[in-house]
Each structure stands twice: as structure tokens, then as C-alpha cells.
Amino acid sequence: TVGDLKPFWLKSVQLGLDLLWRALRSITVMTRSGIAVGINKGHITTKREDKRVNLRGRKSAGKILVKSVITEVAGYAPYERRMMELIKIGSAATFKRCLKFAKKRLGTHKRAKKKRDMMLAVVQASRKK
């Protein structure tokens, strides 16, 4: 019927209002009311904070010792030895190639930079001996 037809722009306006409403709801902090329907629907709970969130990735003396003993006994991985060889050449191009190689093996740029700096420290320590 003709009465069911809506203007073509009305759907996009309704969609925009819906998105705006969702954004406003996500910005405001909702407190649950204990009622099953409505904006603040849901069971009333108390938020607990995670105490261990900042402990991840922290280096303790024991972890550092264990890691150094393992590398001393087992040696370096083949890709680490190749990185050291690239660093020993000493040109800027091989330094960059070392980073690209590490990124391919480790997955992220951040991990690759960290590993390259670690291998650079190992090469410098071996030169001092």
C-alpha cells in the first residue's frame, strides 16, 4: 500500500539516530538496576579490580638467572646466530636487514627491535673479551 512506503532518507536517518544512541549509551557509565528490561538492565554486581594486571612481563632476578643459564648451556638459536653474524658485518644495510629478519621470525616490529638490541649487546660483550 501507499501508506507503508517511507521516504528513502528516513531509513538512513533512523540508522544514524540508532548509532548515536548506541554511542551515548557506551559513553555513560551504566549502573545495573536489577530489572530485566530497560537501559540499566541486569543483575546488580560489584566490580572487582584485577590485582595481577601490572605483574605481567615483569623481570625478576630469578627469571633473569634462569634465562642466562639456559642460553649459557644450550647456546643461541640458529636465527639468533644469523642475527649476530649480520650485526658483526657492521654496515647500516645489514643492521636493517637484521631487523627485517628478526621481524619475520618473531612476528612484530617491537619484538624484533628488542631482540636486535639484545643480540647487539651480546656481540659487543663478546668483542670486549
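Which element gives the most to the lining of the largest pocket? The legends below take up this question and move on through the predicted model.

**Figure 1. The whole chain is built from helices, with five helices and zero strands.** Read along the sequence, the pattern is α-α-α-α-α. The chain has 129 residues, and 12% of them are buried. About 11,700 Å² of the chain is exposed. Carbon and sulfur atoms supply 60% of that area. Now take the contacts between residues at least 6 apart in sequence: 34% of these join residues at least 24 apart.

**Figure 2. The largest pocket has a volume of about 700 Å³.** Its lining counts 21 residues, and the closest to the pocket centre are Lys-59, Lys-67, Thr-71, Lys-115 and Met-118. Two or more lining residues come from each of α2 (61-74) and α5 (109-128). Helix α2 gives the most, with seven residues. That settles the opening question. What classes of residue make up the lining? Nine are nonpolar, four are polar and eight are charged.

**Figure 3. Lys-115 is one of the residues closest to the centre of the largest pocket.** This lysine is found in helix α5. Is Lys-115 buried or exposed? Its relative accessible area is 15%, and the cut-off for buried is under 20%, so Lys-115 counts as buried. Which residues does Lys-115 touch, beyond those up to four places away in sequence? They are Tyr-79, Glu-80, Met-83 and Leu-106. Two of these partners, Tyr-79 and Met-83, also appear in the largest nonpolar core.

**Figure 4. The largest nonpolar core has twelve residues.** Tyr-79, Met-83, Met-84, Leu-86 and Ile-87 belong to this core. So do Cys-98, Leu-99, Phe-101 and Ala-102. Ala-112, Met-119 and Val-123 complete the set. Helices α3 (78-89), α4 (92-106) and α5 each supply at least two residues of the core. Which helix gives the most? It is α3, with five residues.

**Figure 5. Ile-87, a member of the largest nonpolar core, is shown with its contacts.** Neighbours within four places in sequence are left aside here. Ile-87 is then in contact with Cys-98, Arg-116, Met-119, Leu-120, Val-123 and Arg-127. Cys-98, Met-119 and Val-123 are also listed in the core.

**Figure 6. His-109 is found in helix α5.** How accessible is His-109? Its relative accessibility is 39%. Partly exposed residues lie between the buried limit of 20% and the exposed limit of 50%, so His-109 counts as partly exposed. Leaving aside neighbours within four places in sequence, His-109 is in contact with Leu-99 and Lys-103. Leu-99 and His-109 are ten residues apart along the chain, and their C-alpha atoms are separated by 8.1 Å. Leu-99 is also one of the residues of the largest nonpolar core.

Note on methods: Residues numbered from 1 in each chain as written. Predicted model: local features only at pLDDT ≥ 70, side-chain atom pairs only at ≥ 80, totals over all residues. Heavy atoms only, no water. Helix = DSSP H or I, 4+ residues; strand = E, 2+ residues; numbered from the N terminus. Buried < 20%, exposed > 50% of the residue type's maximum accessible area, 1.4 Å probe, protein only. Contact = heavy atoms within 4.5 Å. Areas by Shrake-Rupley, 256 points an atom, 1.4 Å probe, with all protein chains shown as cover. 1 Å grid on protein atoms, 1.4 Å probe; cavity = no way out; pocket = protein on both sides within 12 Å on 5 of 7 lines; lining within 4 Å. Points joined across faces, edges and corners; volume = space filled by probe spheres on them. Nonpolar A, V, L, I, M, F, W, Y, C, P; charged D, E, K, R; others polar. Core = buried A, V, L, I, M, F, W, Y, C linked by side-chain atoms within 4.5 Å.
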